[in-house]
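Colleague: Please take a close look at a single part of this model, the second largest pocket. I should then like its surroundings set in the context of the rest of the chain.

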Amino acid sequence: MLDDPRTVRITGDETAAMYRRADDVDAERHPERYANEPVPEAYCWSNLTSGNGARALWLLLLPFMVVNLAHWMRPTTKGPARTVRLYGMLVRLVALSLTAVLIATACEVALDLTAWQCAGSARCSAGRSWLGFLSSAQGGWWSQPGRRLSVAALVPALLVGLLWYLSNRTWSAYEAQRPPTVTTDRPEGADEGADEDADEAAADTGVRPALGRPGFWYGRRLVARLRAAHTAAGFLIIAGAVAGAAARHDRGAGVLALEVTGWVLESLLVLAGLVVVAVVFRRGRSERVLDNRVDHAVVTWLPCVSLVLLALSMLYASWSRPGWISQGTLPGDTAFRALALAQGALVVVLAGAAHVLHRRVRHARTAMYGLGGPAVALLACALGGVMTGGVAQRVADWLDGPGTPGVGRGPIPGPPVLLSWQASVIPVLLLLLLVPLAVLGVRTWRTARALAPRVEEEYAGERPDAVRTQRIAGTRARAGLTDAAPTIIGILCAATLLLGAGAVAGAWMTGEVPSEAFRRAHPLVEGAADAAQAIGSWLIGLGFLLFVTWGRRAYQDASARRTIGILWDVGTFWPRAAHPFAPPCYAERAVPDLTWRMASWTGRTGGRLVISGHSQGSVLAASAVWQLPPTTRRRVALLTYGSPLERLYGRWFPAYFGPTPLRALNRELHCWRNLWRHTDPIGGPVLLPAEDGRPPVDRDALKDPVVYGRTGTHPLPEPILGHSDYQADPAFAEEREELLDRLPPALLPGQRDAESAACQGSSGRSAG
């Protein structure tokens, strides 16, 4: 970034820091050296997303990260905030259902498949010495079904504890970074739910856009509340699985005391579950003010009470019941069907809310007509189902030996049949996707052919070369595939919703795996069902192995970890407003870092500053500028290049980076320029025209390659750069110099002291 091997860290730590060239460390003491050139400084934040090997474990939290994105993808709107609050509440409920699916799968593996089915079957437990003390064939103290379930419940309970620990640890490191300003534009008497109001309506009343509010990058209160609720939900699901099995037995066993105890315990679990849902309903997040409160009663008591209920359930299930024999399966099939139906219903209602919001303020560039959030929420549910279902099926295959789970020929009945139905629709889904992908491929080829004459016109005066022209045109056409993503995702989501509903209906009506359900159908249908089930199971197994292999490689290999870090760049940019177990938001560290640095440097020196950002760095730069005090913002210019601000963020997150917020940012900045290329698949123009005497933000598209063929200055063919090496283009230095010239001149000592005092009043005190 600094184009110099000798760099020095001037502020920050090993995770994220500011660097300068060694020759520039004391630049402020020698201003005469830099009268005609800027002092370059680089902010390195890559360790926030791909630092140590533990980052690879975040792959396991991928569905949680995806559903968190859905919260921030709501459409821009105006008018009453009730629908906005409903949208946020529905996303949080979908996130809670993903936690329920994960813990239910852990219960399915540990309690049902292992403790209930395998330990209760002499054929299954015979060759597994580690299961001997639980085996019903050996008749030991732990062999009773309730006691087996109590021991197995420790496995999902440890998983819940691990998730709580990781969330709490990252919460202390990321969400605890205080922003530098404490100014507020919160109207007197406004409630917390108003923080979800539309930014367009806020702009009409003079309220700052959401990303400019002091509390936006400080979500510690909400994460603490949601962490308590999701942790409690996990413990309650485990308690329900353990106590429910014992209570069902006691209701037919004729022991009144145990039967009453079971009813009371189940009632308490239901009541605690309602409290969890009520906590999730309430947002508890303030963006307009710096909210440093933590709801200690909820954060402390809710997980503790649920843990006590789990302990009581384990004690109740461990009570001696000599005549109790584990047969069949635990009612996991009913639980997974209910969860799948609930997720589908929530996504449909969420789509209705998103449609209402988008209809109020329509923007042609908004992805999927405002349905991006529901689509991503559905993909998160599908991803969670595939990952958890793959684990359950692989464990069942391992325990069942040579048998096939679900067909009734092995030592155990197997996992819920719904998981087999869900696996069976995967090949069908992939076949359906081949059609739009083929159409997209043909369209890209035709676009490349159509672009060829335009490419030769742009390099007029150079000798045409058909191969060179086609290569440039093909790169441009493939870069345009990014804009086709909404169509592909829309088709994928529609097919996923319909096939998922069909899988739930098939499992509910037949109660058998697809190969058995269609055993007496037409041979063609029977063969298709067998093939779909076998291929789907194989694909889930392959995906699970690839997932584990990828995670293991990323844990050991820094380069692979950086590749995964690209995924986290977008996925973990946003605060954890929906799921507390999602990977942490690195912007809650990076944005305050940048804001503090800009405010303190300009306040101390009175100098001018150009903050430039490439790709995701441009999003961080814009977010940091939004957070600056007005006195500092007047001395800062923004230079973005290869920026996804409008092309990706503006389309998919319109309430925060749509046309209205970006126009507001441009008006608040002294000057802003954006560089882009037709060959860039990620960056693009921000589409802000000239207004109020300001030039347009976008410069004309840079030529890529810089020259068409061989010249005296470029004797070798120049590469097509696409998304990289913008700083190598002469336009970068030109625009940076022009921005510095357009900024106000440096302050005199007296003026600098006054501005420094103003900055100190809005930032220094808030740190204390």
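Modeller: A residue counts as buried when its relative accessible area is under 20%. In this predicted model, T99 has a relative accessible area of 1%, and it is therefore buried. T99 belongs to helix α3, an element that also contributes to the pocket you ask about. Leaving aside neighbours within four places in sequence, the contacts of T99 are with F64, H230, H579 and F581.

The second largest pocket itself holds about 1,100 Å³ of space. Its lining consists of 33 residues, and those nearest the centre are A100, L236, I237, A335 and L339. Four elements give two or more residues each to this lining: α3 (82–118), α8 (220–250), α9 (256–281) and α11 (332–360). The greatest contribution is that of α3, at nine residues. In chemical character, the lining comprises 24 nonpolar residues, five polar ones and four charged ones.

Of these contributing helices, α9 can be described further. It has 26 residues, and the distance from its first C-alpha to its last is 38 Å, close to the 38 Å expected at 1.5 Å a residue. Its buried residues are L258, G262, L265, E266, L269, A272, V276, V279 and V280. The elements covering them include α3, α8 and α10 (296–317). Thus α3 and α8 both help to line the pocket and help to cover the buried residues of α9.

The wider chain gives the context. It has 768 residues, of which 54% are buried, and it contains 26 helices and six strands. Among contacts with a separation of 6 or more, 80% join residues 24 or more positions apart.

Helix α14 offers another view of helix packing. Spanning residues 466–479, it has 14 residues and reaches 20 Å between its first and last C-alpha atoms, close to the 20 Å expected. At its start, a side-chain oxygen of D465 comes to within 3.1 Å of the backbone nitrogen of V467. The buried residues of α14 are R468, T469, I472, A473, G474, T475, R476, A477 and A479, and they pack against α13 (417–458) and α22 (645–652). R476, a residue of α14, counts as buried because its relative accessibility is 9%. Not counting residues up to four places away in sequence, R476 touches L451, V455, E458, H678 and T679. Its C-alpha is also 8.9 Å from that of T447, although the two residues are 29 apart along the chain.

Some backbone features should be noted in the loop between β6 (671–675) and α25 (730–742), where P705 is placed. Most residues other than glycine have a negative phi, and most peptide bonds are trans. The peptide bond from D704 to P705, however, is cis, with omega near 5°. L687 lies in this loop as well, and its phi is positive, about 60°, although it is not a glycine. At 48% relative accessibility, L687 is partly exposed. D692 is a further residue of the loop, with a positive phi near 55°; its relative accessible area is 67%, so it is exposed.

Conventions
Residues numbered from 1 in each chain as written. Predicted model: local features only at pLDDT ≥ 70, side-chain atom pairs only at ≥ 80, totals over all residues. Heavy atoms only, no water. Expected span 1.5 Å × (residues − 1). Buried < 20%, exposed > 50% of the residue type's maximum accessible area, 1.4 Å probe, protein only. Contact = heavy atoms within 4.5 Å. Polar contact = N/O pair within 3.5 Å; in protein donor to acceptor, adjacent residues only side chain to side chain. 1 Å grid on protein atoms, 1.4 Å probe; cavity = no way out; pocket = protein on both sides within 12 Å on 5 of 7 lines; lining within 4 Å. Points joined across faces, edges and corners; volume = space filled by probe spheres on them. Nonpolar A, V, L, I, M, F, W, Y, C, P; charged D, E, K, R; others polar.
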